[in-house]
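Dear colleague,

I am passing on to you the structure we spoke about, with the sequence alongside. Please open it first, and then read my notes below.

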Number of protein chains: 4
Amino acid sequence: MNFMDKIYQIYLGGEFRKTDDLLRVYNPYNNEELATTYKAGKPELEEAIIKALSVKETLIDLPSGKKYGILMQIASQMNESIQDLARIITAESGKPIRYALGEVDRAIQTFTIAAEESKRLPGEYIDIEWTAAGEGKEAIVRYFPVGLVAGISPFNFPLNLAVHKLAPAIAAGCPIILKPSSSTPLSTLRLAQIIDNTELPKGAVSILPMSRETGNSMVTDERFGLLTFTGSPVVGWKMKSQAGKKKVALELGGNAGVIVSEIADLDKAVKKCITGSFAYSGQVCIHTQRIYVQEKIFDEFTRKFIAAVKTLKKGDPMEEHTDISSMIDDANAERVENWVKEALESGAELLCGGNRNGSYYEPTVLTNTASSMKVCGLEIFGPVVTIEKYTDFKDALEKINDSRYGLQAGVFTNEISQMNDAFRHLEVGGIMINDIPGFRVDHMPYGGVKDSGLGREGVKYSIHDMLEPRLLVKDK
Amino acid sequence: MNFMDKIYQIYLGGEFRKTDDLLRVYNPYNNEELATTYKAGKPELEEAIIKALSVKETLIDLPSGKKYGILMQIASQMNESIQDLARIITAESGKPIRYALGEVDRAIQTFTIAAEESKRLPGEYIDIEWTAAGEGKEAIVRYFPVGLVAGISPFNFPLNLAVHKLAPAIAAGCPIILKPSSSTPLSTLRLAQIIDNTELPKGAVSILPMSRETGNSMVTDERFGLLTFTGSPVVGWKMKSQAGKKKVALELGGNAGVIVSEIADLDKAVKKCITGSFAYSGQVCIHTQRIYVQEKIFDEFTRKFIAAVKTLKKGDPMEEHTDISSMIDDANAERVENWVKEALESGAELLCGGNRNGSYYEPTVLTNTASSMKVCGLEIFGPVVTIEKYTDFKDALEKINDSRYGLQAGVFTNEISQMNDAFRHLEVGGIMINDIPGFRVDHMPYGGVKDSGLGREGVKYSIHDMLEPRLLVKDK
Amino acid sequence: MNFMDKIYQIYLGGEFRKTDDLLRVYNPYNNEELATTYKAGKPELEEAIIKALSVKETLIDLPSGKKYGILMQIASQMNESIQDLARIITAESGKPIRYALGEVDRAIQTFTIAAEESKRLPGEYIDIEWTAAGEGKEAIVRYFPVGLVAGISPFNFPLNLAVHKLAPAIAAGCPIILKPSSSTPLSTLRLAQIIDNTELPKGAVSILPMSRETGNSMVTDERFGLLTFTGSPVVGWKMKSQAGKKKVALELGGNAGVIVSEIADLDKAVKKCITGSFAYSGQVCIHTQRIYVQEKIFDEFTRKFIAAVKTLKKGDPMEEHTDISSMIDDANAERVENWVKEALESGAELLCGGNRNGSYYEPTVLTNTASSMKVCGLEIFGPVVTIEKYTDFKDALEKINDSRYGLQAGVFTNEISQMNDAFRHLEVGGIMINDIPGFRVDHMPYGGVKDSGLGREGVKYSIHDMLEPRLLVKDK
Amino acid sequence: MNFMDKIYQIYLGGEFRKTDDLLRVYNPYNNEELATTYKAGKPELEEAIIKALSVKETLIDLPSGKKYGILMQIASQMNESIQDLARIITAESGKPIRYALGEVDRAIQTFTIAAEESKRLPGEYIDIEWTAAGEGKEAIVRYFPVGLVAGISPFNFPLNLAVHKLAPAIAAGCPIILKPSSSTPLSTLRLAQIIDNTELPKGAVSILPMSRETGNSMVTDERFGLLTFTGSPVVGWKMKSQAGKKKVALELGGNAGVIVSEIADLDKAVKKCITGSFAYSGQVCIHTQRIYVQEKIFDEFTRKFIAAVKTLKKGDPMEEHTDISSMIDDANAERVENWVKEALESGAELLCGGNRNGSYYEPTVLTNTASSMKVCGLEIFGPVVTIEKYTDFKDALEKINDSRYGLQAGVFTNEISQMNDAFRHLEVGGIMINDIPGFRVDHMPYGGVKDSGLGREGVKYSIHDMLEPRLLVKDK
């Protein structure tokens with residue numbers, strides 16, 4: 001399979017397969033049919049589960065050096081197919097090729113880190129002699145795979161967010177069944193081919209596009225040990241309540257905010273916020289949705305920001321210089337259009353943008369917004385940002401916190417005390433000093449508080465979620 | 001308040017209070033009314049929640065040295081009240097005083113460990129320069145309290161299992177509302193008095209006996225950040241599905257097993273298994289319920305075991321030399337009686353015991369049982385143990401695993417390879433070589449897999465559950 | 001023994017003893033004879049070594065809970081004798097009682113931390129399966145005591161700097177022979193009494209005043225596993241070359257510097273620098289010897305600083321309100337006097353102070369100094385500080401680094417970038433933002449680079465120096 | 001340069017160079033001149049030091065991702081030159097090609113681990129609020145390179161033991177000057193070429209054959225921050241006393257022992273001991289020099305062992321099937337011959353071997369030896385092993401400990417209690433259960449106690465030796 005292929009078979013328990021349920025994948029930029037693949041139904045899912053369970057013991061006993069070898073081989077093969085993988089991502093998701101190449105690079109990095117971490121699974125030596133009851137004893141803790149993993153990944157980083165489930169599972173020694181987004185299943189199926197070329201025991205990984213209903217049966221099935229979901233808050237939290245006895249990890253969305261203080265490097269702040277606001281049309285969990293600028297520099301910031309918006313290159317996502325292109329589909333673009341309209345009707349002011357053309361929505365900047373407006377309070381997942389002024393730094397922190405979400409935040413400042421206040425008071429998973437909330441490297445702990453999620457990804461952290469400690473107490 | 005008191009007020013947000021809902025506590029040994037306390041209703045619970053939330057920020061900023069001081073002061077005051085606390089436990093639970101004294105000792109240890117760990121909350125320094133995207137940056141992770149904790153604790157270790165929720169919460173900086181068992185609320189209310197004597201901000205701890213219904217409203221209330229429950233599997237797993245967005249930790253039961261291999265120290269194995277089987281009438285989560293003995297030594301083991309059973313002193317739990325006394329109530333003793341009868345009717349053989357007298361049930365040993373019998377397959381939580389023979393060590397491991405539960409297991413052996421096989425293959429949270437599954441020291445990770453629970457207690461591990469990481473990425 | 005005692009026996013292998021070699025201890029404030037103790041000669045040292053080696057195996061097997069109990073008991077007994085211990089320190093060292101009380105508090109803290117750390121000795125679980133050669137194997141590392149420790153401690157913190165050797169040794173399970181300063185042996189001998197009251201095996205600790213020559217035989221004796229020395233650089237580095245096969249840890253001196261940037265909180269900086277410069281007449285390893293102030297605030301800083309110097313209360317160190325009193329002896333006061341004179345003759349300007357009266361030397365402030373002057377370039381160990389201006393922050397960093405020493409440094413600033421530059425570029429063991437170099441808490445890693453030392457104290461770090469890893473590789 | 005080359009230039013500060021001091025390298029198997037290289041004199045060493053110091057700051061700032069890239073590139077290039085590197089090793093050292101290939105594999109592994117560890121340098125977050133003095137503060141510790149490293153490596157693993165100094169230095173960010181053995185400098189010079197092909201700043205690595213005298217000037221030169229030496233005990237310990245202020249790590253030799261208990265897998269023990277005793281003619285630091293066999297199986301073990309010795313293939317080390325070949329030079333073979341003779345004269349019994357032919361010495365087995373004989377008490381570094389019987393396991397442990405050395409030991413047993421006793425009582429750096437003392441994987445902590453060394457290698461541990469902690473205390 002490569003970018004030119006028109007048919008992608010699904011990857012079921014170590015075999016590439018067709019099913020009766022055709023899934024057509026379209027290019028969001030031109031609405032042309034890109035390729036055809038298949039949906040797994042319940043029988044195929046059942047088969048994948050059986051195969052996964054049958055290799056469980058084999059995976060437990062796979063020496064770490066072997067896991068390392070497999071994961072590095074995947075990284076190496078991906079490295080040889082960077083262009084191909086990136087073009088598939090761009091074609092299925094409408095993501096500008098520049099960003100798609102970055103995503104493949106990161107996915108390679110994610111596998112590399114997982115390779116390294118597979119040799120560094122936690123293991124503890126515990127002194128048991130703290131009380132008389134334990135005298136003469138010592139203990140060790142080894143971490144065993146938690147069991148079969150159900151992974152569900154979204155369309156916006158179709159490769160790397162799936163890899164953040166696949167690579168840790170291999171490192172931890174867990175079999176995994178991954179449901180990619182039905183809009184963007186091709187890049188992970190291309191990856192399946194790479195995985196299949198390694199010595200990973202067949203059955204350890206299945207990549208199965210599914211209907212939401214079939215996917216839900218993974219959520220409730222007690223044979224899975226962990227559900228790891230990246231997607232929308234509403235869906236994620238509902239899954240948690242249906243998940244039965246299994247562990248649940250949720251990476252959901254947010255309405256991330258940035259503070260630009262008067263002592264920030266203004267040009268740097270503008271440049272970074274432009275990327276944060278409009279990269280991949282804002283279809284990013286940690287998209288910069290709200291910018292709070294200290295009043296002394298508000299006008300200058302806004303002027304420079306709007307000027308920069310106007311230089312963004314719209315166009316075919318396959319073009320190297322394209323900055324912004326279509327959203328994933330018309331429905332989402334329409335939703336964004338409606339939210340902006342609603343905001344304008346409620347008193348918001350449009351600084352630029354605001355128009356839609358099919359699935360393309362212009363980079364849009366609003367001010368005079370209120371936290372009650374959807375453009376502020378909900379996750380917009382589109383190329384829209386609000387800029388508001390603040391007087392006092394502590395107020396700015398409160399504005400960031402005035403949200404049901406708490407994923408990441410950015411603070412542009414050079415004051416130690418502001419950095420400290422932000423760290424102490426911002427109710428988010430991560431704070432980026434002099435950077436945008438969208439900053440992420442693949443080994444850092446990443447995830448949200450409040451409605452934004454449960455647990456942390458970042459390879460090592462995901463691996464730990466996939467492990468169960470087992471204690472051995474023995475005589476010394 | 002002390003052992004002689006007849007009225008125990010509940011501890012609500014830093015105040016001792018009465019309510020309209022009287023709760024009479026009886027001594028299970030003589031069925032006399034021991035004392036009167038109160039149930040909190042929903043208004044009292046609401047008040048406790050409000051007070052707890054109001055001190056949340058204060059607790060976040062409490063320096064670790066202060067938390068250490070408070071926790072050590074609690075330990076020290078408990079140390080001065082050991083006899084009193086132990087007698088309360090014995091009176092409310094029927095637990096022989098020898099074991100009750102041990103429980104108070106352990107609760108003191110639990111607070112001491114929490115004191116020490118409060119100064120050692122996790123904190124990480126992270127190199128961010130792994131890729132070009134992160135060059136020039138570094139990160140630190142601080143761990144913040146997860147928010148208000150709902151703790152629900154059982155009757156069998158009325159003090160120490162509650163302390164395993166209270167002490168970590170104070171160490172982590174989380175306010176906590178604890179619901180003790182309605183049968184045994186007195187020892188924790190006595191502890192409340194000790195806690196109240198410290199500088200812990202009022203509201204940080206509430207100890208509220210409640211009806212199950214009121215308790216359930218803690219489970220569903222989204223203002224709690226964590227639910228930590230110790231109790232029965234059925235109740236626990238249901239709570240998980242109702243818990244909404246909060247984190248959930250479950251310490252449930254099991255039907256723990258022991259293997260006695262032919263190269264074990266037989267006398268030691270007998271002695272330890274007697275304790276494991278009958279201490280506190282088997283009303284212990286990690287009670288030794290199933291013993292598998294290698295066939296070569298089966299007869300000798302069984303003979304010595306039965307002989308030892310017969311030396312157990314039955315009597316008033318307040319007597320120093322009493323080994324075994326009443327169960328918590330008649331209903332439970334009847335349940336055990338029925339399960340044993342059912343087993344005998346299905347072909348099991350009674351080696352000793354089998355009689356009930358009110359809430360007292362004799363130490364009972366069965367053989368020729370099957371895993372389908374309740375005495376084997378369910379958690380008996382009574383003074384009953386089964387002894388079966390095995391031929392091959394690997395079969396013995398399989399017998400232990402032939403259970404829906406997986407808490408802890410014991411293996412008596414001196415062979416490295418058997419130890420390794422047990423560690424690799426037993427599907428439990430902890431394996432005790434040359435000891436019973438009931439072995440526990442309070443700082444070790446403790447908890448079950450399969451239906452036996454979710455997560456690990458053991459002070460440090462509970463504290464970690466009560467913390468949420470927050471990342472700060474900054475220029476280097 | 002207590003403060004009123006006139007005869008202190010030395011502590012040799014678990015016994016209090018006299019020797020033929022009388023050691024008279026004088027009060028530096030009034031030159032009166034304070035008490036009499038004894039020097040150990042080579043025969044007594046030999047006896048102490050033999051006894052120490054004879055308990056080596058017992059200490060290895062002492063369960064951590066027992067070590068914890070012993071160390072906490074010492075802390076608790078010290079707590080009951082705070083006043084007595086502090087008065088002994090003041091009497092033998094001339095240290096104002098306020099600071100002496102602080103020192104005892106810290107010594108109690110040091111024992112408490114050691115107690116906690118004794119339960120947390122390092123221990124590792126290592127995955128051995130990284131390559132085919134290790135498949136099927138795993139390893140654990142336990143840390144064993146390094147052997148007999150030779151500790152040599154100085155006069156300036158006669159109790160706590162000795163405790164930084166004694167407490168870690170007990171925690172690590174190493175026997176130790178401590179040589180306190182011959183000027184100030186009384187507080188450690190008082191401590192010996194406390195230690196002797198515990199269950200620590202006799203012989204594990206000896207506290208022996210000695211001549212330098214006898215002390216040197218500890219340095220060369222191959223039966224010691226570690227030499228840990230706190231004192232002057234010249235002596236320390238010579239010891240390293242004579243130490244044979246044993247490990248060596250050196251905590252030596254420095255000429256610590258402070259930077260006060262224009263964005264600092266000026267009043268806070270003045271106040272802290274006063275303490276840093278003159279506490280215990282500058283007889284502190286991390287005494288603030290050099291202050292670099294940004295030129296814009298130089299005049300204001302200097303004016304306020306000189307004003308504050310003038311408020312320092314000179315007097316009897318036993319008086320609660322005394323800030324500054326005599327130095328340890330006339331010889332040292334004369335040395336300081338000469339260095340200042342020499343500086344003034346070479347062009348330095350005297351801002352205040354400069355006079356000597358016996359062993360008392362006035363708080364003295366100089367400016368217009370050069371790094372070649374002894375008051376700048378060597379460790380003055382007296383109540384003298386230089387204040388110089390700087391223009392550019394990076395120059396200030398270079399001035400701090402323009403020294404053969406590198407212990408700690410202070411930087412008063414609120415700029416993230418200055419903090420980062422200081423961290424990256426200052427060649428010292430520790431940098432204190434908005435504090436003086438003299439900041440130390442007893443669990444932090446403390447020690448110098450360049451000529452200031454080798455290794456780090458801070459309880460956990462000292463313990464690690466006293467341990468030797470031992471690896472066990474076994475089948476999994 | 002490759003195996004066919006006849007002239008190897010030395011690697012000085014990023015340049016390949018000739019000097020006036022020719023060094024001829026001979027093949028120990030046939031005494032033919034293999035190639036010519038050069039010795040660095042003091043001027044060349046000085047130049048290398050200057051260049052190394054000039055890149056010190058550049059290396060500190062090298063992002064970890066860059067260091068990872070460089071180290072992985074070295075590993076990858078070595079992988080492409082395995083055959084060539086192995087043949088150079090065999091030619092210069094006489095090591096059978098099979099073992100030489102193993103050594104190259106391990107050296108690649110060493111670089112790979114160093115790459116991974118370069119991203120995982122230690123870094124700590126420290127809670128400073130344990131006491132009132134630290135309230136409001138927190139600290140982080142970053143680890144900085146210790147400075148210029150002097151590495152001295154031996155002939156017996158000419159590549160991998162040098163790599164255990166080079167790879168950690170690059171990972172830690174330290175410049176390094178390596179002195180390879182003058183007998184075997186070619187493989188490291190070949191490696192220099194590979195290193196030179198990377199983006200490692202020139203000057204960071206120099207590889208300079210030197211006279212012992214010139215090498216000694218590295219030992220005493222205060223511009224080096226660390227001396228890391230692998231070689232003979234006499235030389236190593238002397239260096240420690242001459243090393244001035246720098247840190248010192250010593251990997252020296254031993255006379256490693258094995259215990260074979262009556263419950264061991266005898267055939268496995270024989271097979272492993274054969275390798276341990278005769279691989280590379282015993283010229284291995286952890287060569288199996290002493291075997292203690294339980295008396296019940298002594299005869300059987302010895303019979304099988306002697307039979308196995310006789311199957312060892314002697315021959316040209318370049319032949320794939322050669323097991324044993326020449327020693328490094330005649331002088332060493334003669335020394336071994338003399339030691340064996342001396343043992344026989346003192347009552348030892350020869351079980352096989354005992355003859356010398358030039359630099360070839362036969363695999364030799366002795367019994368009835370005494371610890372006072374050189375073949376037992378000193379490091380023989382030749383193909384000689386002693387086999388003695390023991391009755392009681394504890395006696396066997398004492399026999400192992402009856403040595404001035406303590407590197408590693410092997411214990412063949414299946415009893416938990418014997419494993420525990422060995423771990424507790426053997427005074428060595430590492431104990432291998434069911435394996436020989438020669439077991440080593442490159443990431444495990446490796447090193448000796450007693451006269452066998454100071455510190456531990458094993459990539460992570462060596463890196464830590466090359467780092468200096470620096471503390472930053474700041475407001476929270």
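To compare copies, they are superposed by least squares on the C-alpha atoms of residues with pLDDT of at least 70 in both; please bear in mind that this is a predicted model. On that basis, chain B can be laid on chain A with an RMSD of 0.0 Å, by a turn of 180° and a shift of 0.0 Å along the axis. The two copies are therefore related as by a two-fold rotation axis, and the same surface serves both of them, since 100% of the contact residues of chain B recur in chain A. Within chain B, the residue that comes closest to the rotation axis is B:Ser241, whose C-alpha lies at 2.3 Å.

Turning to chain A alone, the domain assignment gives domain 1 (10-252 + 453-475) and domain 2 (257-443), and the centres of these domains are separated by 31 Å, taken over C-alpha atoms. Contact between them involves 31 residues of domain 1 and 28 residues of domain 2, and the area buried there is about 2500 Å², of which carbon and sulfur atoms give 58%. On the domain 1 side, A:Tyr29, A:Pro96 and A:Phe155 lose the most area to domain 2, together 21% of what that side buries.

As for internal space, the structure holds 13 cavities of 30 Å³ or more, and the largest has a volume of about 110 Å³. Its lining consists of 13 residues, with A:Ile140, A:Lys474, C:Ile140, C:Leu472 and C:Lys474 nearest its centre, and divides into eight nonpolar, one polar and four charged residues.

With best wishes

Methods:
Residues numbered from 1 in each chain as written. Chains lettered and ligands numbered in written order. Predicted model: local features only at pLDDT ≥ 70, side-chain atom pairs only at ≥ 80, totals over all residues. Heavy atoms only, no water. Contact = heavy atoms within 4.5 Å. 1 Å grid on protein atoms, 1.4 Å probe; cavity = no way out; pocket = protein on both sides within 12 Å on 5 of 7 lines; lining within 4 Å. Points joined across faces, edges and corners; volume = space filled by probe spheres on them. Nonpolar A, V, L, I, M, F, W, Y, C, P; charged D, E, K, R; others polar. Domains from an automatic or database assignment. Buried area = accessible area lost by both parts, 1.4 Å probe.
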